[in-house]
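Me: I would like to learn how to read the chain pairing and the helix packing in a model. Please take me through one.

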Number of protein chains: 2
Amino acid sequence: MSFAEPLIARSRRLRNTPFTTRVEASGVQAYTVYNHMLLPTRFRGLEEDYWHLRKSVQIWDVACERQVQIKGPDAAKLAQMLTVRDIRKYDVGRCGYAPVCDDDGLLINDPVLLRVAADCYWFSISDSDVMLWAGGIARSLGLDVEISEPDVNPLAVQGPLANDLMAEVFGAAVREIKFFRFVPMRFKGHEMFVARSGWSAQGGFEIYVNDWQLGGELYDALTAAGEKYDVGPGCPNLIERIEAGLLTYGTDVTRKHTALEAGLAKYCSLDAGTDAIGLEALRVQRDRGLTRRGCGFTISGQRVPAQRDPWPLIIGGKQVGSVTSAVWSPRLNTNVSLGMIAIDHVAPGTKAMVVTSAGERIATVSEVPFPGAAQR
Amino acid sequence: MSFAEPLIARSRRLRNTPFTTRVEASGVQAYTVYNHMLLPTRFRGLEEDYWHLRKSVQIWDVACERQVQIKGPDAAKLAQMLTVRDIRKYDVGRCGYAPVCDDDGLLINDPVLLRVAADCYWFSISDSDVMLWAGGIARSLGLDVEISEPDVNPLAVQGPLANDLMAEVFGAAVREIKFFRFVPMRFKGHEMFVARSGWSAQGGFEIYVNDWQLGGELYDALTAAGEKYDVGPGCPNLIERIEAGLLTYGTDVTRKHTALEAGLAKYCSLDAGTDAIGLEALRVQRDRGLTRRGCGFTISGQRVPAQRDPWPLIIGGKQVGSVTSAVWSPRLNTNVSLGMIAIDHVAPGTKAMVVTSAGERIATVSEVPFPGAAQR
């Protein structure tokens, strides 16, 4: 029996992106599939990609972050129903994490929401078909909205030199874009949104590329202009995202966890009095007290193996949680990991036994981002 | 630039199945991802797998056919709303293709529906999150149902010797199961549903394995008992499914096609007077007349290359459709393909030019299943 990485069978059901030909020319080593679309996961190697991301600047094909567009007279009403965050004061040009829950407060998706017009919102989604959830609600309540997936394919520029590279291509004005704001910028005369956001702690931008053909040209322009900044192809990096404490929906957090258990309390406007689906359940959970919560852990010993199943966390002979993502941090010189643990044990410094596929180790609850893991 | 098959990055977000360890021990060559889960796509090679499927019997890990369970006092009402097929007379033990559409008649999923109890239905889904669609509708209409994804992982046994192999493991009674019926059968004393169904034209069964641990043992038992029947691991086969005219949701048919355009008219009970979502739109479309429809095509010349993008179909200098799946049939000695074409050109024998990535060829509209492609 082999646990080596298998091939992914080419299939048109696994959608290409406008950048796929470039990504392949750049030597992509592996993909995953996200929202029925290809997402690169490795170029030069996990650790090489990690160091490069922290030091210079990378171009990421994150077209799989699909947009669920909600447009029409009832768009504001529906968008607010869909997220437990209070977004009533979001002006056009604002974006933010906006957890989507069901009536039990269980997480359906943890998207970034963009208000793109007075009557138009984009939920830039993680890996689940939010369009079906939104559509089922809208049609059943008779809301006056159109829900669609526009031909918008995000391209991220991440890393400490992201400002410099973006300024070369879009002009110096990109430097002025504030965190979690987006503005229309021009490339070859064509307007598209550029946001200061992205799935790393290194800083950077997400470009909401709204023209398939132009996507490839933009990728090439960034590559050419970035030569002096040691630009390279990249992608969300397992080491960097665990160090930063970024939980992945579908891995660390699933439909079986509430937004509070997922550690998203700061994005849940529990007392805002919105009509958000799931808000009441989350308030009840807060008032009763959480029983578990997402946490970071360091894991003792040598490099842990690649993880296939959750690893149980044991205290006093009882399972109190599990580790769901783990990797060796070559910079912190220890294994870093994310998981979920019973609320009695969330204090940093708490020790548990973790049963990895390479035997038992000591897991120690850590703050996230992991100390020493902040930007540069 | 390389179009070789890339690696798929191991990730816990791409869920294993109860059979993954067995599938890997059996030498799986490639996977795809389907409903956030691994689906094997090749073992000994596309053509070897094809010939073997037609001649003996295969075990397929199709756990990715997830069940959306709808249970409760309003289950019958919601299930009927969700599909344009009239399922009001489905008794317990009946299953059938049951297209799920939105209010515009556009296809959301083409699942198999099982009535598993008076107040309980399973939609055994293709690749989209039907649970979110069903959940959004149920909560908004205040229906009294519970919607869940039970721990049920289908294992298919397909091929001309499927009856013989299944009788060895489940007893002779499996031979009596009628097409698109399912009955509870016992394996090691544990009851699970066995249906005569499956995603090939070779006949066989789908076992709705409802115990994760027992799943591996069942796989092993089928493998052991099947030795005399030349059993082997297998999976839905591109050649066989195109020959059989089985369109894939996400490839040949998408959210942009109605159930009628997808060629599913026989599963659409347009005049049944149910409350099905999308029925009215489909009736209007029928009355106005379709403008395009799914079709089979043979393609002239040598073996076509693996397809990355739809191939345009041209008649009289104008694009009239496209080919979305194509493969060489080693048995029919021609390329067979599926696609969509304008309604004026659906008559078998109609010729069009198809612009493949290996140049222009002649596409000829064919009946599906392709003549000569029926079971043995």
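The turns below go from symmetry to interface to helix packing.

Reply: This is a predicted model, where local features need pLDDT of at least 70, side-chain atom pairs count only at pLDDT 80 or more, and totals for chains, interfaces and linings use all residues. Residues are numbered from 1 along each chain as its sequence is written, with chains lettered from A and ligands numbered from 1 in the order in which they are written.

Me: By what turn and shift can chain A be laid on chain B?

Reply: Copies are superposed by least squares on C-alpha atoms of residues with pLDDT of at least 70 in both. Here a turn of 180° and a shift of 0.0 Å along the axis lay chain A on chain B with an RMSD of 0.0 Å. The two copies are therefore related as by a two-fold rotation axis.

Me: How many residues of chain A are in contact with chain B?

Reply: Contact requires C-beta atoms, placed from the backbone, within 7 Å. By that rule 46 residues of chain A are in contact with 46 residues of chain B. Helix 4 of chain A gives the most to this side, with eight residues (helices are DSSP runs of H or I, at least four residues, and strands of E, at least two, numbered from the N terminus).

Me: How are two packed helices described?

Reply: By the angle between their axes and the distance between the axes. Axes are lines fitted to C-alpha atoms, for helices over the stretch in contact, and angles run from 0 to 180 degrees between N-to-C directions. The axes of helix 5 (residues 162-170) and helix 6 (residues 212-225) of chain B come within 9 Å and cross at roughly 120°. The contact involves B:Leu165, B:Glu168 and B:Val169 of helix 5 and B:Ala221, B:Leu222 and B:Ala225 of helix 6.

Technical notes: Two residues are in contact if their C-beta atoms, placed from the backbone, lie within 7 Å.
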